[in-house]
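Hi,

Here is the structure I promised to pass on. Have a look at it first, and my notes follow underneath.

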Amino acid sequence: MAKRMALVTFGCQMNVHDSERIAALMGGAGYALVDDPEGADVVVLNTCSVREKAEQKLRSEAGRLKKLDTVLVVAGCVAQQEGERLVKSMPFIDVVVGPDNLGELPGLVRAAEMGAASAVRTVFDLDAPRFLPFDAVSTEATANPSAFVTTMKGCNERCSFCIVPYTRGPERYRSSDEIVDEIKRLVDHGAREVVLLGQTVNSYVEAGAPALDGDDPDGSQFPWLLRRIAREVPGLDRLRYTSPHPRHVTPALVAAHAELEVLAEHVHMPVQSGSDRVLKRMIRRYTRAEYVKRLKALAAARPGLTLSTDVIVGFPGETREEFEETLSLVEEMNFVGLFGFKYSPRPNTPALKLKDDVAEAEKQARLEALFARSEAQTRAHLASLVGTRAEVLLEGPSRVGEGSLVGRTRRNELVHVATPEGMAGVGAGAVVVVEVARANKHSLEGRIERVKVPGHALQRAAKAPRKVGLPVVTA
Ligand code: SF4
């Protein structure tokens, strides 16, 4: 009988993607994914340390699982950050494994089942970086309609609030041959859309690649990578990337958006603050004016391209006036989506030297003002789409109504549709033309007019990993 593994994911897309790899890897070793940790042979907590809240959630979840008769694994960024300290403070944890050591997980779990002492593996693969492909273990795996592909890992920036350079190490890049090969195989397995993943995805470089982006001070070859994917995988419908850094938005990237049909009409570009003084203290290495100029060029390159962003409020020393500058930037850029966070001091970050001097109540008030502004923009944007038509890639069942499906437009709006009786080819993986009938707070509802590309009979090899916590996006 197959063994059972429960997998709980905290944090960002990178972690969601790592969880897919964990599921595939452990699936190949004979562990079937189950929802409920009760009765599972192995429970993996894939952790995040970018926000204090996510770290607290790990500690309370681990404490809750202590009583179960299971092998308990802590993976991800808290594992990397805390290492041996986790086992010392919670000796019931059997395995601590960092993001670069996931390939060792099946062996570590087997050893724990045989009664081995708690094991800690948190070594960066600096000399020979490894990237686990989606079918590393199981060739039976069927891709989601929208799939992540890792292009790089680590981060060379030193944003003063961010723990990622410490938990994920310096930048290491995957070869473009490997990236293109994985995308081709995903498309062959049913993926219609690919999201390129990297901590600063647009700082991608490959030794020996023919065309440097001369506009980028660091010589990023990301636009070259986008062009290579567009040329060599013509069957791909949509290409997105996350999370880019504004420093690497160059004329070559703008030109790629203007010329490559496959690039979706939406870019998520973290800004973090609209105040130059705060940006400097955050060590973001761009000014507000540079951000605005680059992003407006990007938006102008493609009709209908929408923008979203990340913002931190209450950074040390942020005055009310500086926060107002962020509000004015949100309005000026007309962001249609925004993730906002209150600053919280993280271990091993340069900002620890600054005084966390914005009171909690003031941080909360600024966050609420930020959401009020951004949600008004989101609502106005969604309302403007009622009565229009949009191409929607259907991803699976919707929670809105029995038999409904949910998908995304090329601009990344979430759309719920009823399944029309007698219309062939409607299902996950289908691209359908939808007439937008109604705008909700964060999504649209519509009616399918016709099927542009029929869906596949998608059978996921494993259930989607359970996700807990905040949608954390960095860079
Ligand atoms: S916020 Fe992004 S760019 Fe800055 S250090 Fe963290 S991961 Fe790197």
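A question to start with: is H442 buried or exposed? Keep in mind that this is a predicted model. H442 is exposed, since 12 other C-beta atoms lie within 10 Å of its own, and 12 or fewer is what it takes to be called exposed. You'll find H442 in the loop that links β18 (431-439) to β19 (444-453). Leaving aside residues up to four places away in sequence, H442 touches T378 and L414. Q377 is 65 residues from H442 along the chain, and their C-alpha atoms are 11 Å apart.

Now the overall picture. The chain splits into four parts: domain 1 (3-125), domain 2 (142-264), domain 3 (299-384) and domain 4 (389-453). Between the C-alpha centres of domain 1 and domain 4 there are 36 Å. I get 13 helices and 20 strands for the chain. The C-alpha trace spans about 60 × 60 × 50 Å along its principal axes. For 475 residues, a compact globule would have a radius of gyration near 23 Å, and the chain's 22 Å agrees with that. Buried residues account for 47% of the 475. Of the contacts with a separation of 6 or more, 73% are between residues 24 or more positions apart.

How far can you trust it? The average pLDDT for the chain is 89, and 91% of the residues score at least 70. One stretch to be careful with is residues 136-140, where pLDDT is below 50. In the model, that stretch has eleven contacts beyond near neighbours in sequence. Another is residues 458-473, where pLDDT stays under 50, although the model gives this stretch 53 contacts beyond four places in sequence. Where pLDDT is low, the predicted coordinates should not be read in detail, so I'd leave the particulars of such contacts alone.

On to the sheets. The loop with H442 sits between β18 and β19, and both of those strands belong to a barrel. Five strands close it, in the order β15-β16-β17-β19-β18, with mixed pairing. Ignoring direction, neighbouring strands in this sheet are turned by 50° against each other on average. Within the barrel, β15 (residues 389-397) pairs with β16 (residues 404-409) in the antiparallel sense, over five bridges. If you want a spot to zoom in on, L394 stands opposite G407 in β16.

Next, β4 (residues 71-76). How many of the six residues of β4 are buried? The count is six of the six, so this strand is largely enclosed by the rest of the structure. It has parallel partners that you can check in the viewer. β3 (residues 42-47) runs parallel to β4 and is joined to it by six bridges, with V42 partnered by V71 in β4. β5 (residues 95-97) also runs parallel to β4, this time over three bridges, and A75 stands opposite V97 in β5.

For a helix, try α9 (251-259). Its buried residues are A252, L253, V254, A256 and H257. The elements covering them include α8 (222-232) and α11.

Finally, some backbone details. The T242 to S243 peptide bond is cis, with omega near -10°. S243 falls in the loop between β11 (238-242) and α9, just ahead of the helix described above.

Two residues other than glycine also have positive phi. I283 has phi near 55° and lies in the loop between α10 (276-281) and α11 (288-301). I283 counts as partly exposed because it has 14 C-beta neighbours inside 10 Å. N348 has phi near 60° and is in the loop between β14 (337-342) and α13 (360-384). With 12 C-beta neighbours inside 10 Å, N348 counts as exposed.

That's what I have for now. Shout if something looks odd at your end.

Cheers

How values were computed
Residues are numbered from 1 along each chain as its sequence is written. This is a predicted model: local features need pLDDT of at least 70, side-chain atom pairs count only at pLDDT 80 or more; totals for chains, interfaces and linings use all residues. Domain bounds come from an automatic or database domain assignment. Helices (H or I, at least four residues) and strands (E, at least two) are DSSP runs, numbered from the N terminus. The radius of gyration is taken over C-alpha atoms; the globule rule is 2.2 Å times the number of residues to the power 0.38. A residue is buried if 20 or more other C-beta atoms lie within 10 Å of its own, exposed if 12 or fewer, and partly exposed in between; C-beta atoms are placed from the backbone. Two residues are in contact if their C-beta atoms, placed from the backbone, lie within 7 Å. Two strands pair if DSSP finds at least two bridges between them. Axes are lines fitted to C-alpha atoms, for helices over the stretch in contact, and angles run from 0 to 180 degrees between N-to-C directions. pLDDT is the predictor's confidence in each residue, from 0 to 100.
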